[in-house]
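Visitor: I should like to understand how the descriptive terms for a protein model are justified. Would you take me through the reasoning, term by term?

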Amino acid sequence: MSQTKPSRTGRSRRRVTQSDPAVRVAVESAERAKRQRRATGSEILVGGRPSVDLLPTEVLADRRSRGVVRRMWAGVVLVAIVAGIATAAASLLASQAHDDLTHAQDETLSLLRQQAEYRDVRDTEAGTALREAAQSVGGSTEIAWQPYLGSLKASLPAGVEITGVAIDSATPLEAYAQADSPLQGERVATLTIDAQSPTLPSVPSWLDAVKGLKGFVDATANSVTLDETTGTYTVNMTIHVDEAAYDGKYQDKGE
């Protein structure tokens, strides 16, 4: 029976053969890594520290899938964070808008309460404005006839007395009828007077005298008659006046 020759180190040597399972796995892993480097075109380091990946391909695939899953979850978390920030911003804007609306409503209610406190004043002002408007419309065609007739009497010769007056004037609701003759001017009122004179009157002088009346348009002597009993003369005269005769009492002073 042969004996193993002891080594110089005093330890026994074990012959390594390819039949050893660990060696076979290492060799296969090295070849597989070599093929992968060839496929990816990576360079081979010469003189570098040798390393061998003994992990199975399934483990590497599992690691890669886990990395993909982690990246997917990271994306989901990022999307959730962005959505949360957007939701918070929208909620903040909605809250600010609601506060602004509430403030505006409070101001509106305050103004309405203040208006309610002065409702009587506003009603009085509205009524006053309505009455002033009614006066302005109703008095727009008003003529102060008493002073006007005083001016007419003053324009007549001495000794002449007015015994009758008939007045026809425009109203705020209806325009005054105009003459059919184109030679007669526009008028807003007509005065028909009867005047008595102890002497035969000079009609042309009377007509010239009344031309100074306010708003005078024209005048016509209709007739002159003599009362034989009293010996007095009666003159019937028609005088037309225009808008200048209005007193304007109810018009706005700024107009």
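Guide: From the N terminus on, the elements of the protein chain follow the order α-α-α-α-β-β-α-β-β. That pattern holds five helices and four strands. The model is a predicted one.

Visitor: What is the predictor's confidence in the protein chain and its elements?

Guide: The average pLDDT of the protein chain is 76, and 69% of the residues score at least 70. Among the elements, β4 has the highest mean pLDDT, 90, while helix α1, residues 21-40, has the lowest, 65. Over residues 1-18 the pLDDT is below 50, and beyond near neighbours in sequence this stretch has six contacts in the model.

Visitor: How do you know that β3 and β4 are paired?

Guide: Two strands pair if at least two bridges are found between them. Ten bridges join β3 to β4, residues 232-241, so the condition is met. The two strands run antiparallel. One of the bridges links Ala-219 with its partner in β4, Ile-239.

Visitor: What makes β2 a partner of both β1 and β4?

Guide: The same requirement of at least two bridges applies. β1 and β2 are joined by eight bridges and run antiparallel; here Ile-167 stands opposite Leu-191 in β2. β2 and β4 pair over nine bridges, again in the antiparallel sense, and Thr-190 stands opposite His-240 in β4. Both counts therefore satisfy the definition of pairing.

Visitor: In what order do the four strands stand, and why are some of them at the edges?

Guide: The strands form an open sheet in the order β1-β2-β4-β3, with antiparallel pairing. β1 (161-169) and β3 (216-227) each have a single partner strand, so one side of each is left without a neighbour in the sheet. From one strand to the next, the twist averages 15 degrees.

Visitor: Where does helix α4 lie with respect to the strands?

Guide: Helix α4, residues 145-155, lies across β1, β2 (189-197) and β4. Its direction makes an angle of about 45 degrees with β2.

Visitor: Why is Leu-156 called buried?

Guide: A residue counts as buried if its relative accessible area is under 20%. Leu-156 has a value of 8%, so the term applies. Leu-156 is placed in the loop between α4 and β1. Beyond its neighbours within four places in sequence, Leu-156 is in contact with Ile-162, Ala-195, Trp-206 and Val-210. Leu-156 and Ala-195 are 39 residues apart in sequence, and their C-alpha atoms are 9.1 Å apart in space.

Visitor: Why is Ser-169 called partly exposed?

Guide: The term covers values between the buried limit, under 20%, and the exposed limit, over 50%. Ser-169 has a relative accessible area of 28%, and therefore it is partly exposed. Ser-169 is found in strand β1. Leaving aside neighbours within four places in sequence, Ser-169 is in contact with Trp-145, Tyr-176, Val-188 and Ala-189. The C-alpha atoms of Ser-169 and Glu-142, 27 residues apart along the chain, are separated by 8.7 Å.

Visitor: What makes Gln-178 count as partly exposed?

Guide: The relative accessibility of Gln-178 is 38%, so it is neither under 20% nor over 50%. Gln-178 belongs to the loop between β1 and β2. Not counting residues up to four places away in sequence, Gln-178 touches Gly-185, Glu-186 and Arg-187.

Visitor: How many residues does the largest nonpolar core have, and which have the most contacts inside it?

Guide: The largest nonpolar core has 24 residues, and those with the most contacts inside it are Val-210 and Ile-239. α4, β2, β3 and β4 each supply at least two residues of this core. Leaving aside neighbours within four places in sequence, Val-210 is in contact with Leu-152, Ser-155, Leu-156, Phe-216, Ala-219, Met-237 and Ile-239.

Visitor: What share of the protein chain counts as buried, and how much area does the chain expose?

Guide: Of the 255 residues, 17% count as buried. The protein chain exposes about 19900 Å², of which carbon and sulfur atoms supply 55%.

Conventions: Residues are numbered from 1 along each chain as its sequence is written. This is a predicted model: local features need pLDDT of at least 70, side-chain atom pairs count only at pLDDT 80 or more; totals for chains, interfaces and linings use all residues. Side-chain values use heavy atoms; hydrogens and water are left out. Axes are lines fitted to C-alpha atoms, for helices over the stretch in contact, and angles run from 0 to 180 degrees between N-to-C directions. Contact means heavy atoms within 4.5 Å. Buried means under 20% relative accessible area, exposed over 50%, partly exposed in between (1.4 Å probe, protein chains only). Accessible areas come from the Shrake-Rupley method with a 1.4 Å probe; for residues, only the protein chains shown count as cover. A nonpolar core is a set of buried Ala, Val, Leu, Ile, Met, Phe, Trp, Tyr and Cys residues joined through side-chain atoms within 4.5 Å. pLDDT is the predictor's confidence in each residue, from 0 to 100.
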